[in-house]
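Student: I have a protein model with a bound ligand on my screen. Could you show me how to read it?

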Amino acid sequence: MIDYIIVGAGLSGASFAYRLEKAGKSFLVFDDGSQEASKVAGGFMNPVILKRFTLAWKADSQLEKAYSFYSDMEEYLGKQFLSPLQVYRRFSSVEEQNNWFAAADKPRLAPFLDTKLVSQVNAHVLGKFGFGRVLKTSRIDPRYLLETYAAHLQEKGMLKNELFEYDYLEVSSEEVSYKNITAKKVIFCEGFGLQKNPFFNYLPLRGNKGEYIIIKAPGLDLEVGVKSSVFIFPAGGDHYAVGATYSNTDKSPQPTEEARQELVEKLKDLIDVDFEVVDQVAGLRPSTIDRRPLVGRHPEYSNLYTCNGFGSRGILIAPSVSEELLEYIEEDKNLDPEIDISRFTKKWYKRS
Ligand SMILES: Cc1cc2nc3c(=O)[nH]c(=O)nc-3n(C[C@H](O)[C@H](O)[C@H](O)COP(=O)(O)OP(=O)(O)OC[C@H]3O[C@@H](n4cnc5c(N)ncnc54)[C@H](O)[C@@H]3O)c2cc1C
């Protein structure tokens with residue numbers, strides 16, 4: 001009998017697995033590669049919502065935790081995923097500049113918004129109203145992190161690269177059994193894949209598709225990230241990632257021509273050098289109706305849990321929420337009611 005089965009090795013499942021590993025628990029992770037959100041994520045550790053100059057939900061405290069969590073993982077696995085990345089917001093009007101200053105006056109935002117505006121970040125990045133720098137930003141390379149951690153688990157025989165088939169799960173009050181495995185608990189971390197999970201698909205997970213293009217722009221020579229109507233950041237050599245799109249209607253996993261065109265058009269308004277699109281990626285963000293994660297114990301099956309609903313902020317949320325969930329299960333601590341799925345318990349009993 002093992003302690004845990006984890007379904008999904010995206011940011012949610014990998015963070016929880018890492019916490020279990022550190023806590024000396026036994027576990028087995030299943031991942032079939034059906035969802036890509038974590039791997040295609042930009043990877044920004046940025047607490048500010050750059051559209052409105054507001055602080056993302058609990059982002060200041062999450063930022064500290066995330067930084068130490070990923071640094072710890074780097075040290076443990078002997079690889080580097082974390083790197084500093086300066087991020088600038090391009091202003092499109094004087095009014096936006098004023099909004100930036102107004103935001104920078106707020107005590108919780110002040111540490112993150114530089115009040116010294118700059119007129120240029122690079123000779124080929126256009127911006128007649130200047131740029132504001134977001135402070136304390138960095139980036140993790142999510143694909144590299146997840147692939148490195150998956151290889152580590154694989155080596156220890158703790159990862160199965162296969163579909164978890166819900167029909168084979170048998171749940172009793174003491175344990176669960178799945179094919180030839182028995183475990184004390186299952187943690188479901190399938191991202192948007194949760195919609196296929198008969199135990200948890202009563203939860204209001206929406207799914208929001210995001211796409212990035214990768215461009216080759218030899219003349220650009222940009223070393224920072226810049227956010228305007230799109231975000232552009234260096235992706236190695238003369239390559240840059242440009243994104244992301246947001247769609248609540250298209251739930252297909254494939255990249256689309258429409259998104260490519262949208263990103264190319266927006267990019268032409270941001271840089272004045274020639275570029276070529278060399279790649280495109282897509283993923284479904286597990287977004288929720290109330291913009292809060294979906295975490296906790298199943299209303300009826302006490303050994304089934306979920307850790308999901310990270311929306312567009314998984315990089316910062318995963319380290320904090322995985323810790324909260326582990327303490328909830330192992331130490332009987334309370335879950336923050338804002339993330340606790342008990343807020344949707346009625347939906348389980350009302351399902352048809
Ligand atoms: C284009 C884009 C850019 C983004 N940029 C950022 C960013 O810069 N910063 C940020 O914080 N967030 C960003 N996000 C959001 C972030 O990616 C998500 O919040 C996060 O990845 C969600 O992680 P997850 O582990 O819950 O889900 P997922 O990443 O979807 O992982 C779920 C995993 O479960 C597996 N799975 C599902 N069902 C099964 C099954 N039945 N059996 C076995 N395995 C299964 C899947 O294969 C997958 O590996 C971005 C998202 C997109 C799409």
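Tutor: Happy to! A good start is to sort the residues around the ligand by class: the shell has 16 nonpolar, 15 polar and seven charged residues. Keep in mind that this is a predicted model.

Student: Which residues come nearest to the ligand?

Tutor: The shell counts 38 residues, and those nearest to the ligand are Asp 31, Ser 34, Ser 38, Phe 164 and Gly 311.

Student: Next, polar contacts. How far is the backbone of Gly 311 from an oxygen atom of the ligand?

Tutor: For a polar contact, look for a pair of N or O atoms within 3.5 Å. Here a backbone N or O atom of Gly 311 sits 2.7 Å from a ligand oxygen. Gln 35 also uses a backbone N or O atom, at 3.1 Å from an oxygen atom of the ligand. At Ser 312, a polar backbone atom is 3.1 Å from a nitrogen atom of the ligand.

Student: How much of the ligand's accessible area does the protein cover?

Tutor: On its own the ligand has 1000 Å² of accessible area, and the protein covers 96% of that. The elements giving two or more residues to the shell are α1 (11-22), α2 (37-40), β14 (208-216), β18 (276-285) and α7 (314-330).

Student: Let's take α1. How does its axis cross that of α5?

Tutor: When reading a helix pair, check distance, angle and handedness. The axes of α1 and α5 (residues 142-155) come within 11 Å and cross at roughly 45 degrees.

Student: Why is this pair called oblique?

Tutor: Angles under 35 degrees count as roughly parallel, and 65 to 115 as roughly perpendicular. The angle between α1 and α5 is roughly 45 degrees, so the two helices are oblique to each other. Their crossing is left-handed.

Methods:
Residues are numbered from 1 along each chain as its sequence is written. This is a predicted model: local features need pLDDT of at least 70, side-chain atom pairs count only at pLDDT 80 or more; totals for chains, interfaces and linings use all residues. Side-chain values use heavy atoms; hydrogens and water are left out. A residue is near a molecule or strand if one of its heavy atoms lies within 4 Å of it. A polar contact is a pair of N or O atoms within 3.5 Å; within protein, one must be able to donate a hydrogen and the other to accept it, and residues adjacent in sequence count only if both atoms are side-chain atoms. Accessible areas come from the Shrake-Rupley method with a 1.4 Å probe; for residues, only the protein chains shown count as cover. Helices (H or I, at least four residues) and strands (E, at least two) are DSSP runs, numbered from the N terminus. Ala, Val, Leu, Ile, Met, Phe, Trp, Tyr, Cys and Pro count as nonpolar, Asp, Glu, Lys and Arg as charged, and the others, Gly among them, as polar. Axes are lines fitted to C-alpha atoms, for helices over the stretch in contact, and angles run from 0 to 180 degrees between N-to-C directions. Angles under 35 degrees count as roughly parallel, over 145 as roughly antiparallel, 65 to 115 as roughly perpendicular and the rest as oblique. A crossing is left-handed if the near helix is turned anticlockwise from the far one by less than a right angle, and right-handed if clockwise.
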